[in-house]
Amino acid sequence: MAKMNMLHAINSALDITMAEHPQACIFGEDVGYFGGVFRATSGLQEKYGKHRVFNTPLTEQGILGFANGLAAFGAPALAEIQFADYIFPAFDQIVNESAKFRYRSGNEFNVGNLTIRTPYGGGIAGGLYHSQSPEAYFAHTPGLKLVVPRNPYQAKGLLRACIKDDNPVIFFEPKRLYRASTGEVPEGDYTIEIGKAEVVKEGKDVTVLAWGAQMEIIEQAAAKAEEAGISCEIIDLRSILPWDAETIAKSVTKTGRLVISHEAPITNGFGAEIAATIQKECFLHLESPIERVCGLDTPYPLALEKEYVPDALKVFAAIKKSVEF
């Protein structure tokens, strides 16, 4: 085991992949000698050469078009979109090509070797073009997988699982935690199962659910709730597509209550899908309406970032509201 931050863990997963597959390539804006804007690919061009770790032009659609072709050829394609906010020019390539390649060819061809890494979310005073959480846009797309880690251990294990998975995957990295989150991480290879939520802490009064950087927030809120005598079961979804409805439903059947929190705007955020499914599966067990604590339905503001984000106090208020209903 070694102590790593999230960037080191991601770099380690990429390093293992590059050593494992001679045809694997890492590409994106400034990922070469510069090591990416957050330095996630630092040192990899020097180790594996400019023909395998290289910069692309500033064209996200071109990055993903190239990635689809490389993955269809059979090589592990490790594409980086510099910020998740920049992924929208590539939306057509991801949704209409990556996600449908296997289906439209009758499983004759696929781009299962494609992994798209991209940093998402706020917390760095990035303003409206460097703070968005666009996971819900892609959660509506059969053929993709969406994964979000919350710490270095998960980042390495889940990224390796994404790379090994036989489907195109978008790996959303919570950039606020890149250097802030540290922990013990195995230096060797390992994977964490995609599509399986983690019960971080068991409780009996209310289930509190989030993913990525928002996990730290709900843990802070749950600690406040514990001081008030409320026992919270904390769950990290980890995988948005596919998502682990079974684990969530089992928890809510026990607690009778659910609070969901995510950074993205509340309207049509992925929390709405979770709420609808759990309302159906656990209807007779619910003791109160399902609560959602999310971003506001506005562009992500720079000056009012602290007011915009769903912080621990907002989540704590929702927990109390749920329990006192």
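Visitor: Which element gives the most to the lining of the largest pocket?

Guide: Strand E13 does, with three residues. The model is predicted. E13 spans 258-265, and helix H6 spans 135-139. Each of the two supplies at least two residues of this lining.

Visitor: Which residues lie nearest the centre of the largest pocket?

Guide: Gln132, Ser133, Tyr137, Ala264 and Pro265 do. They belong to a lining of 18 residues. The space in the pocket is about 330 Å³.

Visitor: What makes up that lining by class?

Guide: It has 10 nonpolar, seven polar and one charged residues. Tyr, Ala and Pro count as nonpolar, so Tyr137, Ala264 and Pro265 fall in that class.

Visitor: Now the helices. Why is H8 called oblique to H12?

Guide: Helix H8 (residues 214-227) and helix H12 (residues 312-323) pack at an angle of about 50 degrees. That makes H8 oblique to H12. Roughly parallel needs an angle under 35 degrees, and roughly perpendicular needs 65 to 115. About 50 degrees meets neither condition, nor is it over 145, so oblique is the term.

Visitor: How far apart are the axes, and what is the hand of the crossing?

Guide: The axes of H8 and H12 are 8 Å apart. Their crossing is right-handed.

Visitor: What makes the contact between them?

Guide: H8 brings Ile217, Ile218, Gln220, Ala221, Ala222, Lys224 and Ala225. H12 brings Ala312, Leu313, Val315, Phe316 and Ile319.

Visitor: How do these residues divide by class?

Guide: The contact of H8 with H12 has 10 nonpolar, one polar and one charged residues. Lys counts as charged, so Lys224 of H8 is the charged one.

Methods
Residues are numbered from 1 along each chain as its sequence is written. This is a predicted model: local features need pLDDT of at least 70, side-chain atom pairs count only at pLDDT 80 or more; totals for chains, interfaces and linings use all residues. Side-chain values use heavy atoms; hydrogens and water are left out. Axes are lines fitted to C-alpha atoms, for helices over the stretch in contact, and angles run from 0 to 180 degrees between N-to-C directions. Helices (H or I, at least four residues) and strands (E, at least two) are DSSP runs, numbered from the N terminus. A crossing is left-handed if the near helix is turned anticlockwise from the far one by less than a right angle, and right-handed if clockwise. Contact means heavy atoms within 4.5 Å. On a 1 Å grid over the protein atoms alone, a cavity is a set of points where a 1.4 Å probe fits but cannot get out, and a pocket is an open set with protein on both sides within 12 Å along at least five of seven lines; lining residues have an atom within 4 Å of a point. Grid points are joined across faces, edges and corners, and a volume is the space filled by probe spheres set on the points.
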